[in-house]
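Please work through the exercises below with the sequence and the model at hand. Each task is followed by a solution in steps.

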Amino acid sequence: MITTSSAKNAFNKFKGKAEKAVHRSLDQHVKLAVTGLSGSGKTAFITALVKHLTSQATDKNLPFFDVMQQQRHIATKIVPQQALTIPTFDYPKALSALLPLEGQPHWPASTERINTLRLAIKYRSNAGLRGHFAPQSTLYLDIIDYPGEWLLDLPMLEQSYQQWSEQQYALLQCSPRVEKSQPFLTALSELDLTAPVDENALSAIATHYQTLLVSLKQDTKLAMLQPGRMLMPGELQGAPLLLFFPVAQANDKVVAGSNLAHLQKRFYAYVKEVVKPFYTQHFRNFDRQIVLVDVLSALNEGPETLQEQGDVIKQLLVHFNYGETGFLKRLFKPNIDKLLFAANKSDHISSAHHKDLALLLDSLVHEQSNHLKFDGVKIETMAMSSIMATMPKQVVEQGKTLNCIYGKPLSESQWLTYLPPQPPMRMLNKDEWPSHGFEFLSFAPMPSPDKQLKHIRLDHVMQYLLGDKLT
Ligand SMILES: Nc1nc2c(ncn2[C@@H]2O[C@H](COP(=O)(O)OP(=O)(O)O)[C@@H](O)[C@H]2O)c(=O)[nH]1
Ligand SMILES: [Mg+2]
């Protein structure tokens, strides 16, 4: 008897140790990067993701997220982050904007820098060795929010100042940029590139260029605007390495100490000190990437902006397709194995048209990705809404049922029932564009007496990005 029980004890001890050991080795880490141009919904997405995982984690709320549906999720909480040099995503502040204790909800203020947050997701594994030895596992999820504008600087790594300059200068000659570029082009025409450097003149023209980029961003929602940090310089505002711009002829012989020599020097310093460190310190360490795309705003702006969204996606895909590009492969060796393009804010259209929105984004992505060979990178597109700011409402008019939405537009003081246009299912060219254009309204977040957020297909997004890590 004694032998048996001590053997049992020994076995239990062993099992406890083994469990701990297996447990430790099963704890996983995933770095999920969230990007998109400013205003695409990164802050709202992260806030919703954290809220649903930490306090609304049920199979009813997230039915397409397997770990929820199979009732294996135990608890998720925010834990201290490991990266000590990146500011923490201010979740409490963002949440209190959306779910205030009193007063009307509003969208959280936008942030323009990289930030991060770590979640510990505790769950039961569903089968095999893990199920036997480790009743519980923990997935440490690092969420990294960074401006998509930074990603768009990537091609600069492979360009000379002359190449970059020619490309950007040519863009400024075309509509819709040309309408706004005159003040910059006039100031530039007065600069003698071969003259000895005049720091004040360079600063003044750089200010014109920055004003131009900022107004293009605001008024046309164009995406291809470089250098990205000029749009949101933060602590780099005024730093000489940001004070450069494209010129008409960068190929003249560069005279040492001239204006041109200085512009060239600043361009290379920007690439070395700003662009490169982002990729080596952050980008290449990401495991999963979601790119939020505000397709509806692009449709509001017109065919040029939508076309440029497509071009930007094409450019991004080339760089995720690291298997093909030798130079980038050597430099970055990115880890990303799953990439999701999400058409966000689908609550701005009626649910009958969500599919069209998904198809449109899919056409932008796949048109480009078909001819690229992807080495172990999975790509998916979805239409979703991190935070539902409208409610579906059916209205019968002259015997016809209209799928409307109900909410409070940001531009109005009244709540209204509104019939949004149907988005096209594919890219339209200028001739196909409806003469009256598109007008999708933006809505304020809805008050929520039970302090719960609502989403559209956030569970599908979670399943795609994290499902395989929670089995
Ligand atoms: N209806 C709706 N609007 C959204 C959603 N996410 C973002 N928005 C809108 O987009 C704006 C910008 O979102 P934000 O998360 O700050 O974008 P960021 O600059 O990428 O972080 C918000 O102020 C909202 O007006 C969403 O899920 N649904
Ligand atoms: Mg933000």
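The exercises that follow treat the overall fold, the surroundings of the ligand, one residue beside it, and the cysteines.

This is a predicted model, in which local features need pLDDT of at least 70, side-chain atom pairs count only at pLDDT 80 or more, and totals for chains, interfaces and linings use all residues. Residues are numbered from 1 along each chain as its sequence is written, chains are lettered from A and ligands numbered from 1 in the order in which they are written, and side-chain values use heavy atoms, with hydrogens and water left out.

**Exercise 1. Describe the overall composition of the protein.**

Step 1. Count the DSSP runs, taking helices as H or I of at least four residues and strands as E of at least two: the protein has 15 helices and ten strands.

Step 2. Apply the burial classes (buried under 20% relative accessible area, exposed over 50%, partly exposed in between; 1.4 Å probe, protein chains only). Of the 471 residues, 53% are buried.

Step 3. Consider contacts (heavy atoms within 4.5 Å). Among those with a separation of 6 or more, 77% join residues 24 or more positions apart.

**Exercise 2. Characterise the surroundings of ligand 1.**

Step 1. List the shell, in which a residue has a heavy atom within 4 Å of the ligand. There are 17 residues around ligand 1, and G39, K42, T43, A44 and D347 come nearest.

Step 2. Find the polar contacts, which pair N or O atoms within 3.5 Å. The side chain of K42 places an N or O atom 2.8 Å from an oxygen of ligand 1. A polar side-chain atom of H348 is 2.9 Å from a ligand nitrogen, and one of S385 is 3.4 Å from a ligand oxygen.

Step 3. Assess the cover: the protein hides 92% of the 570 Å² of accessible area (Shrake-Rupley method, 1.4 Å probe) that ligand 1 has on its own.

**Exercise 3. Place S385 in its setting.**

Step 1. Locate the residue: S385 sits in the loop between β7 (378-383) and β8 (391-397).

Step 2. Classify it: S385 is buried, because its relative accessibility is 1%.

Step 3. Trace its partners. The side chain of S385 makes a polar contact of 2.8 Å with that of D347, and a polar atom of the S385 side chain lies 3.2 Å from the backbone oxygen of I387. Beyond four places in sequence, its contacts include N344, K345, H455 and I456.

**Exercise 4. Examine the cysteines.**

Step 1. Search for disulfides (cysteine sulfur atoms within 2.5 Å): the whole structure contains zero.

Step 2. Compare exposure: C174 is partly exposed at 42% relative accessible area, whereas C404 is buried at 7%.

Notes. Polar contact = N/O pair within 3.5 Å; in protein donor to acceptor, adjacent residues only side chain to side chain.
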